[in-house]
Structures are given as structure tokens and as C-alpha cells.
Amino acid sequence: MDPSGPGPSSVVGAGGGEAPAVAPQRPAQLSRYESQKRRDWNTFLQYLRNHRPPLTLARCSGAHVIEFLRYLDQFGKTKVHAAGCAYYGQPAPPGPCPCPLRQAWGSLDALIGRLRAAYEESGGTPESNPFAARAVRIYLREVRDSQAKARGIPYEKKKRKRTQQAAAEASTSSSAAAAAGGSGSGSGRAAAASSAAQAGGSSAAPSTT
């Protein structure tokens with residue numbers, strides 16, 4: 001008999017035999033969105049702790065959120081041309097320029113959406129949510145418009161393309177439905193003609209007595 005007893009991977013059963021150990025349940029893995037939202041929230045809280053003077057979440061306003069977004073520009077990777085740059089308004093400039101890198105509007109818009117949700121999940125109310133402040137929405141709209149002009153990327157054009165695509169799909173569906181209706185009515189007419197022919201043949205046949 002082994003004096004060391006059963007190993008850690010087995011449990012002695014009621015009948016004296018060894019039963020397999022139950023593996024501990026692993027915590028549910030967060031989705032990519034939830035993981036990014038948690039990182040963004042921790043980054044914002046760290047920003048508040050490092051703020052001078054220190055700032056608490058309860059005293060945070062839309063102006064502080066805009067200040068945070070401007071702070072993030074130093075980590076941006078999107079070239080935004082200044083009004084005096086030779087490449088201003090060109091989506092694909094042929095050479096380098098000294099214009100600064102910024103956070104893209106789409107990245108900032110998605111970030112605010114995640115932080116808005118994280119704030120309310122942490123106990124904040126929608127009425128006091130600084131990420132939903134009107135000033136923040138206006139700032140994001142100004143960033144979108146200024147970057148569209150500086151980079152030569154018309155965001156409204158993308159919206160029109162989606163509208164045209166939806167209209168084309170609706171037209172295709174209508175055409176398919178009309179074709180299906182036409183084939184169905186054609187089949188009905190053929191069936192009616194066949195029935196009429198059979199009826200005529202029966203009446204023309206001589207009766208037998």
C-alpha cells in the first residue's frame with residue numbers, strides 16, 4: 001500500500017475506489033468589447049487620479065471628458081493636415097508633412113460609447129453621465145467635420161452610399177417578387193387552359209348506350 005495516499009488528481013469514492021477530480025470552473029471569458037471597455041474605464045480612472053488638481057468621478061463634467069479626449073491626441077496615429085498644409089484636403093498625400101498625429105474621429109466616438117456604458121454600469125445615472133453631455137457631442141461633431149475637411153474624407157458620402165445600396169436591394173427584391181407573381185399567374189392560366197381542353201374533349205366524346 002502506498003503510504004503517500006491518493007494524489008491531488010483523484011478523490012476516494014464512497015466505495016473505496018478512486019473517482020476523477022472535478023476540474024475547477026474557469027471564469028467566463030470577456031468578449032473583445034467588454035475587455036476593451038474595461039481597459040478604457042481603467043485608463044480614464046487613472047487619468048482622474050493623475051489630474052492636477054486631483055479629480056473625482058463625482059465631480060467630472062463634460063468639460064473634463066473633452067480635456068481627456070484632447071489628452072489622448074498625443075497617442076493618435078491619424079495624420080490630420082493643418083489648414084496651411086499643402087496636402088490639406090487630400091486623402092492620399094504624395095509625401096510627408098510636419099502636421100501632427102491625432103486620434104481619429106471614429107476611435108473617439110467609439111471610446112465615448114464604451115465609457116458612457118461603463119459609467120452607468122459602475123453605478124452612475126444617465127442624467128449625471130458626463131460622457132453623454134451635450135458639450136461632448138458637439139466636440140465629437142466638430143472633430144468629425146474638421147478631420148473630414150483636413151483629410152479629404154467626406155463622411156456624408158459614405159452615408160449616401162449605404163442609402164443607395166439599401167434602395168438597390170429593395171428594387172431587386174421588388175423585381176424578384178414581381179417575377180415570382182408573373183410565373184405564378186402564367187402557371188394558373190396554363191392550368192385553366194388544360195382544364196378547359198379536358199372539359200371540351202369530354203363533351204365531344206360520343207355517348208355509349
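E34 is partly exposed at a relative accessible area of 30%. Here buried means under 20% relative accessible area, exposed over 50%, and partly exposed in between, with a 1.4 Å probe and protein chains only. The exercises start from this residue.

The model is predicted, so local features need pLDDT of at least 70 and side-chain atom pairs count only at pLDDT 80 or more, while totals for chains, interfaces and linings use all residues. Residues are numbered from 1 along each chain as its sequence is written, and side-chain values use heavy atoms, with hydrogens and water left out.

**Exercise 1. The salt bridges around K37**

Task: Find which residues form salt bridges with K37, and state how these pairs are placed in the chain.

Solution:
- Step 1. Set the criterion. A salt bridge is a side-chain nitrogen of Lys or Arg within 4 Å of a carboxyl oxygen of Asp or Glu. In general, side chains of opposite charge can pair when their charged atoms come close.
- Step 2. Take E34. E34 pairs with K37, with the closest N and O atoms 3.1 Å apart. The two residues are three apart in helix α1, so about one helical turn separates them.
- Step 3. Take E121. E121 also forms a salt bridge with K37, and here the closest N and O atoms are 2.6 Å apart. This pair links distant parts of the chain: E121 is in helix α3, K37 is in helix α1, and their positions lie 84 residues apart in the numbering.
- Step 4. Check exposure. K37 is buried at 3% relative accessibility. E121 is exposed at 55%.

**Exercise 2. A further pair, and the network**

Task: Describe the salt bridge of D145, then say which residues are joined into one network.

Solution:
- Step 1. D145 forms a salt bridge with R144, and the closest N and O atoms are 3.1 Å apart.
- Step 2. Both partners are partly exposed: D145 has 31% relative accessibility, and R144 has 22%.
- Step 3. E34, K37 and E121 belong to one network, joined by salt bridges that share partners.
- Step 4. The total by this rule is four salt bridges.

**Exercise 3. Packing of α1 and α3**

Task: Classify the packing of helix α1 against helix α3 from its angle, and list the contact residues.

Solution:
- Step 1. Two packed helices are described by the angle between their axes and the distance between the axes. Axes are lines fitted to C-alpha atoms, for helices over the stretch in contact, and angles run from 0 to 180 degrees between N-to-C directions.
- Step 2. Helix α1 spans residues 32-50 and helix α3 spans residues 105-121. Their angle is about 80°, and their axes are 9 Å apart.
- Step 3. Apply the classes: under 35 degrees is roughly parallel, over 145 roughly antiparallel, 65 to 115 roughly perpendicular, and the rest oblique. The two helices, α1 and α3, are therefore roughly perpendicular.
- Step 4. List the contacts, meaning heavy atoms within 4.5 Å. From α1 come Y33, Q36, K37, D40, W41 and F44; from α3 come L111, G113, R114, L115, A117, A118, Y119 and E121.
- Step 5. Sort them. Eight are nonpolar, two polar and four charged. Nonpolar covers Ala, Val, Leu, Ile, Met, Phe, Trp, Tyr, Cys and Pro; charged covers Asp, Glu, Lys and Arg; polar covers the others, Gly among them.

**Exercise 4. The cysteines**

Task: Count the disulfides and explain the result for C97 and C99.

Solution:
- Step 1. A disulfide is a pair of cysteine sulfur atoms within 2.5 Å.
- Step 2. For C97, the closest cysteine sulfur is in C99, 3.8 Å away, too far for a bond.
- Step 3. For C99, the closest cysteine sulfur is in C85 at 3.7 Å, again too far for a bond.
- Step 4. The count is zero disulfides.
- Step 5. Add exposure. C97 is buried at 15%, and C99 is buried at 9%.

**Exercise 5. Loops and overall layout**

Task: Place P53, F75 and P93 in their loops, then give the order of elements.

Solution:
- Step 1. P53 is in the loop between α1 and α2 (62-72). A cis peptide bond, with omega about 0°, joins R52 and P53.
- Step 2. F75 is in the loop between α2 and β3 (78-79). Its C-alpha atom is 7.2 Å from that of R102, 27 residues away along the chain.
- Step 3. P93 is in the loop between β3 and β4 (101-102). P93 touches H81 and Y87, not counting residues up to four places away in sequence.
- Step 4. The protein has five helices and four strands. These are DSSP runs numbered from the N terminus: helices are H or I with at least four residues, strands are E with at least two. From the N terminus the order is β-β-α-α-β-β-α-α-α.
- Step 5. Of the 209 residues, 22% count as buried.
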